[in-house]
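Visitor: I'd like to learn how to read salt bridges and burial in a protein model. Could you take me through an example?
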Amino acid sequence: MNAHPVFTPSAMDAEDLDALTVGRTSLFDTLVNRVRAAARDGSRPHTLLVAPRGGGKTHTLHIALNRALSDPRTAESTLPVLIPEDSLAIGSYADLLVEMARAIDPELAETARELRRHKDPVGIEAAILAAADGRMVLLAVENLDRVFDGIGTAGQGSLRAWVETSTAVLVLATSPALFAGVSSRSYPWYGSFIVETLPELTVDDGAELLIRAAHRRDDAGLAAFIESGQGRERLSAIHRLAGGSPRLWHILSD
């Protein structure tokens with residue numbers, strides 16, 4: 001099931017990913033405008049996307065990035081750095097910096113690993129900023145709860161200090177739920193994120209997804225049935241039973 005393309009948005013091109021996107025229009029507009037404004041005016045509205053597993057966090061993150069960076073001015077002034085959800089080797093702040101360097105360039109990654117061996121995270125920070133060459137570093141992190149747990153409170157503080165002193169880093173992250181690292185006053189990132197809770201898909205969103213899938217298969221009969229009164233009644237019944245999880249509706253569309 002995890003091989004389904006909707007679960008690996010980073011492996012899809014922007015056009016195909018957009019074709020699988022329904023609903024959440026105002027949220028996408030907000031995220032895109034937030035990134036573009038940050039690249040333009042130097043603001044740093046760090047954002048955390050929250051939804052349970054299967055709630056479309058990865059999909060939403062990549063759609064927002066693709067649309068924001070489709071603007072040439074934003075793309076020119078932004079260095080996107082994506083830390084995927086399968087990055088399991090982050091056990092310290094230096095590890096996180098090495099993963100960032102690896103996402104940027106293989107040679108930079110080798111430099112970062114050497115600096116890590118010399119216990120020089122500040123040197124890795126400087127190398128990343130040098131690679132950015134004046135551009136905003138857009139750090140996109142999936143499963144921020146797990147990453148923060150890996151780097152610990154001290155690592156969270158180091159990341160916060162770098163972000164604050166450099167003024168060059170914007171964080172766009174995901175998490176399956178709010179967690180102490182961002183919601184408790186005891187931690188360095190308390191109050192630093194704009195939290196966006198992802199809404200579930202509506203019946204209309206699910207219908208649109210299924211209609212698009214039917215058209216891709218040239219199944220006009222199925223598309224017409226979905227749009228009929230009887231079809232909508234059946235979809236409403238499915239929605240009452242299964243809810244609005246994007247993952248479930250994409251499975252249904254298959």
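Guide: Gladly! Let's start with burial: a residue counts as buried when its relative accessible area is under 20%, and as exposed when that value is over 50%. Keep in mind that this model is predicted. Here, R34 and E196 are both buried.

Visitor: What does R34 form with E196, and how far apart are the closest N and O atoms?

Guide: The general test for a salt bridge is a side-chain nitrogen of Lys or Arg within 4 Å of a carboxyl oxygen of Asp or Glu. R34 and E196 form such a bridge, with their closest N and O atoms 2.9 Å apart. R34 sits in helix α2 and E196 in strand β5, so the pair ties together parts that are 162 residues apart in sequence.

Visitor: How many salt bridges does a search of the whole structure find?

Guide: The search gives 8. One of them links R102 with E99, at 2.7 Å between the closest N and O atoms. These two residues lie in helix α5, 3 residues apart, or about one turn of the helix.

Visitor: Is E99 buried or exposed?

Guide: E99 is buried, because its relative accessible area is 11%. R102, at 47%, is partly exposed.

Visitor: Which side chain does E114 meet in a salt bridge?

Guide: That of R117, at 2.4 Å from N to O. Both belong to helix α6, and about one helical turn separates them because they are 3 residues apart. Salt bridges with shared partners join E110, R113, E114 and R117 into one network.

Key
Residues are numbered from 1 along each chain as its sequence is written. This is a predicted model: local features need pLDDT of at least 70, side-chain atom pairs count only at pLDDT 80 or more; totals for chains, interfaces and linings use all residues. Side-chain values use heavy atoms; hydrogens and water are left out. Helices (H or I, at least four residues) and strands (E, at least two) are DSSP runs, numbered from the N terminus. Buried means under 20% relative accessible area, exposed over 50%, partly exposed in between (1.4 Å probe, protein chains only).
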